[in-house]
Amino acid sequence: MDIRTETQELLERLGVSKSQISGGDLSVRTPVTGQEIAAIPSMSAAETSSAIEEAHEAFRSWRSVPAPKRGELVRLLGEELRAAKADLGRLVSIEVGKIPSEGLGEVQEMIDICDFAVGLSRQLYGLTIATERPGHRMMETWHPLGVVGVISAFNFPVAVWSWNAALALVCGNAVVWKPSEKTPLTALACAAIFARAAERAGGVPAGLLKVLMGDRALGEVLVDHPKVPLVSATGSTRMGREVAPRLAKRFARAILELGGNNGGIVCPSADLDMALRAIAFGAMGTAGQRCTTLRRLFVHESVYDALLPRLRRAYETVTVGSPLETNALVGPLIDRAAFDGMRKALDRAASEGGKVTGGERVETKHADAYYVRPALVEMPRQAGPVLEETFAPILYVMKYSDFDEVIAEHNAVGAGLSSSIFTRDLSESERFLSAEGSDCGIANVNIGTSGAEIGGAFGGEKETGGGRESGSDAWKAYMRRATNTINYSKALPLAQGVSFDID
Ligand code: NAD
């Protein structure tokens, strides 16, 4: 079946009407073939502002719904996602070019975070704290925050929204979502799935979830709007540099989930079979288009010659092709700009002395689709493009001899998202995880840099933005904390022994 027709049928089954995806100005192309599959009407700035106002009204009633009842909505969202998993996963593959298991895996991640958030809805707890005053009690309460703005990137078009939305909703907030302009179809599908859950839940205020269709200008409206106390923005570090000061200017909160330039270290004692598989998935999986993709690999000189030929072979033989028509492990790049960026980085790497394997365009019958062979680049040192994130499947490999030096090199880039070490030496792995080790938000031992589970807090340091979302206690960022002191005595002692007797 023609991909355009298939997309329309999928969307119809998911609950998106034809009028929502045709006749508009926002052209949606599938990277699988490069052809246009929809044309969506985009919203104006004024429509965006009214959507935010509507969400704010919804928040005013939602905040008073008991948290476990809010959890019921998210439980039903999880049920609807289970029912829609096959169709939504396929739509992710069409819109982003992910291979089927990764498209479905992304939806599974949404289901997992819903389960997590349902449990969380009964665990939004504060502390009771010892007070120095007799007959007093001190405690913390956590309150809903307001409208949470979610800006998401193309490469996780649905999971990132759900990480934020599931938590924000159980925390008593409304959500206004600005998806990537490259992936509006999956966002429309999520809105339809959410609407079904809301209808089943009953009593959900209209406007609790609003989705903005359009380009980054709508994101700017969201960022500047006084009724949005928190924006969770996922995307490039460039985007973060624009968004962060605007939010700071009006003292709004930010959860920034920005670019990564993730490193791995292969030590002398590493299990090379295990390392090879982890490196291959981390660096070539999702066609190198994950924020946690492995981009820099440091290999100890004693195992370099054992590992490199095997890695090179993996690069030469990995299958590249359409995720819809073949069983290839590597799908397309999102668009031509991504391909141009990759070629430019490879040229720069070569001029810095890099030895490149792969990186060529794979010709298909689709002239407007950009399939590439993943590139393995042996670098004499960490320099030039190695220091930056290029959002494409390029793995730079460097040899090291000294453990302290390699930790310093590993940390000597702007981004600080994910990292991993392959070793059987306890002292190396513990040092990597210690205060003097990896400076990233995610540090792994004997697994790759990508493929995080939702139970842990997700995010990174430095130019990755410092935000945390998903599991652990990341929910606290979606609520406001009040410290309450209650006097049940008949006196009024002041703290720190201060006296202020007015008569
Ligand atoms: P991008 O920065 O081009 O766009 C991301 C989103 O930001 C889009 O919705 C876009 O419309 C919006 N946007 C851009 N400029 C804006 C502005 N000035 N104001 C408001 N909104 C604005 O990123 P992309 O190409 O879609 O995604 C790839 C990037 O995202 C990579 O750098 C990748 O590492 C990063 N990423 C990070 C994480 C993470 O959790 N750290 C996850 C996924 C992707």
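Here is a walk through the structure, from a helix to its sheets, its salt bridges and a patch on the surface. Please keep in mind that this is a predicted model.

Let us begin with helix 2, which covers residues 45-62. With 18 residues at 1.5 Å a residue, helix 2 should span 26 Å, and the C-alpha atoms at its ends are 25 Å apart, so expectation and model agree. Which residues of helix 2 are buried? They are Thr48, Ala51, Ile52, Ala55, His56, Ala58, Phe59 and Trp62. If you look down the axis of helix 2, these buried residues fall within an arc of 165°, so they line one face of the helix.

Glu53 also belongs to helix 2, and it takes us to the salt bridges. In general, side chains of opposite charge can pair when their charged atoms come close. The structure holds 33 salt bridges. In one of them Glu53 pairs with Lys227, and their closest N and O atoms are 2.8 Å apart. This pair links distant parts of the chain, 174 residues apart, since Lys227 sits in the loop between helix 7 (216-224) and strand 8 (230-234). Glu53 is partly exposed at 32% relative accessibility, and Lys227 is partly exposed with a relative accessible area of 32%.

Another salt bridge joins the side chains of Arg90 and Glu6, at 2.6 Å from N to O. Arg90 lies in helix 3 (residues 67-96) and Glu6 in helix 1 (residues 3-14), so this pair ties together parts that are 84 residues apart in sequence. Are the two partners buried or partly exposed? Arg90 is partly exposed, with a relative accessible area of 29%, whereas Glu6 counts as buried at 16%, because buried means under 20%.

Farther along the chain, Arg241 and Glu463 meet through their side chains in a salt bridge of 3.6 Å, N to O. Here Arg241 is in helix 8 (residues 237-249) and Glu463 is in the loop between strand 21 (461-462) and strand 22 (469-470), 222 residues apart. Arg241 is exposed, at 54% relative accessible area, while Glu463 is partly exposed, at 35%. Salt bridges can also join into a network, as they do for Glu72, Arg75, Glu79, Glu80, Arg196 and Arg200.

Now for the strands. Strand 16 (residues 394-400) is mostly covered, with six of its seven residues buried. Strand 11 (residues 294-300) pairs with strand 16 in the parallel sense over five bridges, and strand 15 (residues 375-378) runs parallel to strand 16, joined to it by four bridges. Val397 in strand 16 is a handy residue to pick out: Leu297 stands opposite Val397, and so does Glu378.

Elsewhere, three strands form an open antiparallel sheet in the order 3-4-23. Strand 3 (128-129) and strand 23 are its edge strands, each pairing on one side only. Strand 4 (residues 136-144) and strand 23 are joined by nine bridges, and in strand 23 the bridge partner of Glu140 is Thr483.

The segment after strand 23 (479-487) holds Val498, which brings us to the surface. Together with Leu492, Leu494, Phe500 and Ile502, Val498 forms a nonpolar patch with about 590 Å² of accessible area. Val498 itself is partly exposed, with a relative accessible area of 46%.

Technical notes. Residues numbered from 1 in each chain as written. Predicted model: local features only at pLDDT ≥ 70, side-chain atom pairs only at ≥ 80, totals over all residues. Heavy atoms only, no water. Helix = DSSP H or I, 4+ residues; strand = E, 2+ residues; numbered from the N terminus. Expected span 1.5 Å × (residues − 1). Buried < 20%, exposed > 50% of the residue type's maximum accessible area, 1.4 Å probe, protein only. Arc of directions from axis to C-beta. Patch = residues over 30% accessible without salt bridge, like charges linked within 9 Å, V, L, I, M, F, W, Y side chains within 5 Å. Areas by Shrake-Rupley, 256 points an atom, 1.4 Å probe, with all protein chains shown as cover. Salt bridge = Lys/Arg side-chain N within 4 Å of Asp/Glu carboxyl O. Pairing = 2+ DSSP bridges.
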